[in-house]
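Let's walk through this one together, from a small piece of local architecture out to the way the chains meet. Have the sequence and the model open side by side.

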Amino acid sequence: MAEEVRRDLKMIGETSSAGGKFRHIKITGESVLTGDVDCIKLANTGEVVVNGGLRTRELKVTGECEVKGSLEAQIVRGRGELKISSSIRGENIKFTGNIDAGGNCEVGVLEMDGAFNVAGLLSADVLELKMYGPCRAREIGGTKLVIKRSKATKLLNLVNLKGHAHLTADQVEGDLVELEHTIAAVVRGNNVTIGPGCQIGRVEYRDTLNIHKSALVKESHQL
Amino acid sequence: MERDLISKKDLLDEKGISYGQLYRWKRKQLIPEEWFIRKSTFTGQETFFPKDLMLARIDKIMNMKDDLSLDELADKLSPLLPDYEMRKIDIHKRNIVSQVVLERFTPEDADSVVYTFERLLYLYVVDKLLQAGEMSLEEGERLLHLMREHFPKFEGKPCDLVFIRKMGVSSFALLSVPAEMYYESGVKLIARLPMAECIEQLKGKLV
């Protein structure tokens with residue numbers, strides 16, 4: 001293959017571009033990329049819509065980023081809103097705000113402050129979530145899953161924005177699972193901690209199980 | 001053809017792997033998405049896997065994961081055709097396809113002719129069925145023709161090769177999976193080869 005030339009793209013203001021292959025993309029303002037985008041780094045301040053898939057090594061978002069395809073990114077950083085119509089695949093995501101995925105979301109390390117809505121499977125080797133709002137995923141799976149409610153929600157609830165911060169999932173499976181304020185049908189794991197405010201249909205565990213006194217667990221079963 | 005299924009829990013117990021490993025391997029695409037079969041049971045939705053495929057795959061991953069990184073493993077297991085080429089003489093030398101097949105089906109090519117992975121795959125499949133003693137050389141010719149004409153149309157999507165015979169008359173077909181097929185009486189299913197498996201085997205031979 002011939003040596004590909006990747007150029008930088010910088011856009012400020014209300015702009016649009018056809019997409020394609022780039023080195024660094026820097027967008028400030030409101031922009032639309034009308035096709036698939038493949039780049040090394042995309043930094044966005046403001047609002048960006050990609051009408052296609054987005055593939056990048058690094059994605060930095062301050063504001064809103066909407067992808068009408070799938071997102072593949074090694075590193076994701078930022079705050080704001082990430083709306084992906086299809087699936088997300090990444091290595092390291094640290095995000096404050098809201099993540100929406102229409103498919104699966106598979107990540108190596110996912111550290112989130114905020115809320116998410118994943119239509120399919122949310123899987124991560126390490127998932128650390130501080131909930132600020134309602135979160136939902138069909139299935140959650142991984143090695144170490146720690147899901148907590150942010151302390152700040154007590155304050156936020158006074159002005160009640162969007163309902164309570166809790167997680168709803170059909171299934172949560174991991175080697176180490178720590179949950180708070182979670183409604184799930186089934187939780188499976190080796191070491192499971194069911195924290196305050198949980199409503200769990202069935203817990204299956206191998207080694208240890210701790211249940212907080214305010215949690216509701218219908219049945220638990222050691223394998 | 002209903003495949004034997006194994007539940008996720010049984011799989012983890014049998015192979016002694018953790019949830020984390022399973023999800024990590026899925027994320028690294030070592031286990032194809034279409035093997036995750038969701039079925040409802042009395043405890044709600046559960047995940048099942050095609051038993052024989054899954055057990056073989058887990059063994060393979062466990063054996064190789066000490067020597068290769070997960071990403072290298074993924075390349076090896078991916079069903080996409082690699083950009084791999086080989087000269088005819090090397091195919092013979094490394095005994096990837098038998099001499100008989102090379103002589104019969106590629107007599108016009110010189111030893112230095114380079115074969116793409118795709119062409120190599122066709123010859124490999126023909127060779128495999130011939131070696132199993134299930135197919136004649138004439139049938140091999142027709143199979144090769146079918147593969148050349150239709151296999152690229154799947155564009156890397158999983159497909160099976162079906163080889164049937166009735167009253168001595170044989171025919172071949174390629175079909176996308178998962179698919180169920182029912183035959184009239186008198187039809188004998190001689191072979192059904194998942195192409196993804198063939199690709200994997202061939203890759204294993206090349207690397």
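In chain B, a hairpin links strand 2 to strand 3 through 2 residues. Strands here, like helices, are DSSP runs numbered from the N terminus, with at least two residues (E) for a strand and at least four (H or I) for a helix. Strand 2 of chain B covers residues 37–41, runs antiparallel to strand 3 of chain B and is joined to that strand by 5 bridges; two strands count as paired if DSSP finds at least two bridges between them. To get your bearings, look for B:Arg38, whose bridge partner in strand 3 of chain B is B:Thr47.

A word on the ground rules: this is a predicted model, so local features need pLDDT of at least 70 and side-chain atom pairs count only at pLDDT 80 or more, while totals for chains, interfaces and linings use all residues. Residues are numbered from 1 along each chain as its sequence is written, chains are lettered from A and ligands numbered from 1 in the order in which they are written, and side-chain values use heavy atoms, with hydrogens and water left out.

Now step back to chain B as a whole. The domain assignment (automatic or from a database) splits chain B into domain 1 (5–77) and domain 2 (85–206). Their C-alpha centres lie 28 Å apart. Where these two domains touch, 7 residues come from domain 1 of chain B and 4 residues from domain 2 of chain B, contact meaning heavy atoms within 4.5 Å. The area buried between them is about 450 Å², with carbon and sulfur atoms giving 41% of that. Buried area is the accessible area (1.4 Å probe) that two parts lose on being put together, summed over both.

What holds charges together across this domain boundary? The rule finds 2 salt bridges between domain 1 and domain 2 of chain B, a salt bridge being a side-chain nitrogen of Lys or Arg within 4 Å of a carboxyl oxygen of Asp or Glu. B:Glu200 also makes a salt bridge with B:Lys60, and the closest N and O atoms of that pair are 2.6 Å apart. On the domain 1 side, helix 3 (51–64) and helix 4 (70–77) of chain B each supply at least two of the residues that touch domain 2 of chain B. That side of domain 1 has 2 nonpolar, no polar and 5 charged residues. In this scheme Ala, Val, Leu, Ile, Met, Phe, Trp, Tyr, Cys and Pro are nonpolar, Asp, Glu, Lys and Arg are charged, and the others, Gly among them, are polar.Over in chain A, the assignment gives domain 1 (1–86) and domain 2 (105–223), with 31 Å between their centres, taken over C-alpha atoms. Strand 5 (residues 71–84) of chain A is worth finding, as A:Glu72 lies there and A:Arg55 lies in strand 4 (residues 54–67) of chain A, so the pair ties together parts that are 17 residues apart in sequence. The two residues form a salt bridge, with the closest N and O atoms 3.9 Å apart. Strand 5 of chain A also pairs with strand 6 (residues 88–101) of chain A, in the parallel sense over 13 bridges. Here A:Gly78 stands opposite A:Phe95. Strand 6 of chain A is in turn joined by 13 bridges to strand 7 (residues 105–131) of chain A, again running parallel, and A:Ile88 stands opposite A:Cys105 in strand 7.

Finally, bring the two chains together. The contact between them takes 19 residues from chain B and 27 residues from chain A. They bury about 1,900 Å², of which carbon and sulfur atoms give 38%. B:Tyr19, B:Tyr23 and B:Arg27 supply 41% of the area that chain B buries against chain A, more than any other three residues.

Across this interface the rule finds 10 salt bridges. The side chains of B:Lys8 and A:Glu173 meet in a salt bridge at 2.6 Å, N to O. Helix 1 (8–15), helix 2 (19–27) and strand 3 (44–50) of chain B each supply at least two residues of the side that touches chain A. Helix 2 of chain B gives the most, with 6 residues. By class, the side of chain B that touches chain A divides into 3 nonpolar, 6 polar and 10 charged residues.
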